[in-house]
Amino acid sequence: MTERTLFGTDGVRGVANRHPMTVEIAMGLGRAVALMGARKGHRAKVLIGKDTRLSGYMFETALAAGVCSMGADVLLCGPLPTPGVAYLTSGMRADAGIVISASHTPYQDNGIKIFGPDAFKLPDEQEARIERVVLNAEDAGVTTTSSPRIGKAFRIDDAVGRYVTFLKGLFPRELTLEGMKIVIDCANGAGYKVGPAVLAELGATVVELFTRPDGRNINKSCGALNPEAMCHAVRKHGATLGIALDGDADRVIFSDERGYVVDGDAVMAILATDMLASGELRRRALVTTVMSNLALDRVIEDAGGKVVRSKVGDRYVVEKMRGGGYNFGGEQSGHLVFLAHSTTGDGIIGALKILATVLRRQKPLSELASALQPYPQALVNVPVKQKTALKDLPEVTAVIQDVERKLRRDGRVLVRYSGTEPKARVLVEGPEPLAVRQYADEIAEALRRAVG
């Protein structure tokens, strides 16, 4: 894979006003993206959306300045979920879309994600090319345009309305949310307008939580990573279920009617088995990452399908889906991707799909989720001094192979290096919790001796 220093697994990310999340880098990214969309006789258009972080104003202005300096125009849509920006990028025939968001992290952080004209996140190789332009603009031959050709910035006043209309159109016309009370926690983030509006316009009685962003309260004790308030509200109001979005609304976590969080693998199992039964699941396969529980494989296999694994990260789930001709995939963390409707994870689409399944099957979410009983897991993080390839650590691979022989088909072992920290992650699954923990500790100890 091409080496990248600015881009991580999901765009450029960091603390606002510290490298790499500075206005200088943002302006350079704006120029590089405009250059990417430039072609003879065509005035490029770049669409920019953001979540509700205070620093979003700063980065929006810097990106727009960079784009306009190259003679391209900017379409500003303000706070909007990441999948909404992807939808509008394609719908408005923009040459690229940019999202200013750090997803589920605190307001002090921010990030920049880029979509191509097809509304898919850019592949690693294209991000590497953009990076070279940003870090070596002079060598890359970047020259700003002359005064008469400087671009303009236009604000899209109906961006939220366009996206709400699109989402409502995905819900089956024969179904209605009338009579359902639904709690939605919007994390004081990008979905704070869209989420409640979609549910209310489809007939639900909506209990809104965390829909008053102030620039500093995004994800603060709320949202997909902090679902306790959602669960409490479900119990308090006797709701049908609860929905918790993250800061950019590209992931969703659910509470059942009893106020308990539903495991992300159980959510994928519900949706995938429903699609298998209706014949909608293309190639009868669900795509998920190596982190999903082995119990998910067993549920899908029992229903006549299969699970295909990808690297960790929703972008890699999407790459695997596109490459293999699959139409549904996701992550245990709450990303749900329906390629027939969206090019990236979409928390609100995921919520609508779960609501439709609950209505069709006439069963509460707790009962639907009970079909998946996760295998016991043990996860050990091992600090490492260097990330030596496992194939070059025979003493470690010998222990892994011994554990795999003992588990056979009833478990699995996953050992990988963190993409952001000097750590190795050891995950072991199997039917016996004590044995699983022992196996994970054995592998972790071998790693400590080899690279710790």
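Me: Let me get the angle words straight: under 35 degrees counts as roughly parallel, over 145 as roughly antiparallel, 65 to 115 as roughly perpendicular, and the rest as oblique. So how are helix 3 and helix 5 oriented to each other?

Reply: Helix 3 (residues 82–91) and helix 5 (residues 159–170) have axes that come within 10 Å and cross at roughly 95°. They are therefore roughly perpendicular to each other. Axes here are lines fitted to C-alpha atoms, for helices over the stretch in contact, with angles from 0 to 180 degrees between N-to-C directions. Helices (H or I, at least four residues) and strands (E, at least two) are DSSP runs, numbered from the N terminus.

Me: And what kind of model is this?

Reply: This is a predicted model, where local features need pLDDT of at least 70 and side-chain atom pairs count only at pLDDT 80 or more, while totals for chains, interfaces and linings use all residues. Residues are numbered from 1 along each chain as its sequence is written, and side-chain values use heavy atoms, with hydrogens and water left out.

Me: Cool. Back to that pair, which residues make the contact?

Reply: Helix 3 brings Pro83, Gly84, Tyr87 and Leu88, and helix 5 brings Ala159, Arg162, Tyr163 and Phe166. Contact means heavy atoms within 4.5 Å. By class, there are six nonpolar residues, one polar and one charged. Ala, Val, Leu, Ile, Met, Phe, Trp, Tyr, Cys and Pro count as nonpolar, Asp, Glu, Lys and Arg as charged, and the others, Gly among them, as polar.

Me: What about helix 13 and helix 14, are they parallel or antiparallel?

Reply: Roughly antiparallel, therefore, by the angle rule. The axes of helix 13 (residues 394–407) and helix 14 (residues 433–451) come within 9 Å and cross at roughly 170°. Among the residues in contact are Val396, Val399 and Val403 of helix 13 and Ile443, Ala446 and Leu447 of helix 14. This contact has ten nonpolar, no polar and three charged residues.

Me: Switching topic: how many cavities turn up?

Reply: A search of the whole structure finds one cavity of 30 Å³ or more. About 40 Å³ of space lies in the largest cavity. On a 1 Å grid over the protein atoms alone, a cavity is a set of points where a 1.4 Å probe fits but cannot get out, and lining residues have an atom within 4 Å of a point. Grid points are joined across faces, edges and corners, and the volume is the space filled by probe spheres set on the points.

Me: What lines the largest cavity?

Reply: Ile184, Gly195, Leu199, Ile243, Leu245, Gly347, Ile348 and Ala351 do. Helix 11 gives the largest share, three residues. The lining has six nonpolar, two polar and no charged residues.

Me: Any sheet with strand 13 in it, and in what order do the strands come?

Reply: Four strands form an open, mixed sheet in the order 14-13-15-16. Strands pair if DSSP finds at least two bridges between them. Strand 14 (306–310) and strand 16 (336–338) stand at the edges with a single partner strand each, so one side of each has no neighbour in the sheet. The twist averages 25° from one strand to the next. Helix 10 (residues 314–324) lies across strands 13, 14, 15 and 16, at about 125° to strand 14.

Me: Last one: which residues does the cis peptide bond join?

Reply: Histidine 19 and proline 20, with omega about 5°. Proline 20 is in the loop between strand 2 (11–15) and helix 1 (23–37).

Methods
On a 1 Å grid over the protein atoms alone, a cavity is a set of points where a 1.4 Å probe fits but cannot get out, and a pocket is an open set with protein on both sides within 12 Å along at least five of seven lines; lining residues have an atom within 4 Å of a point.
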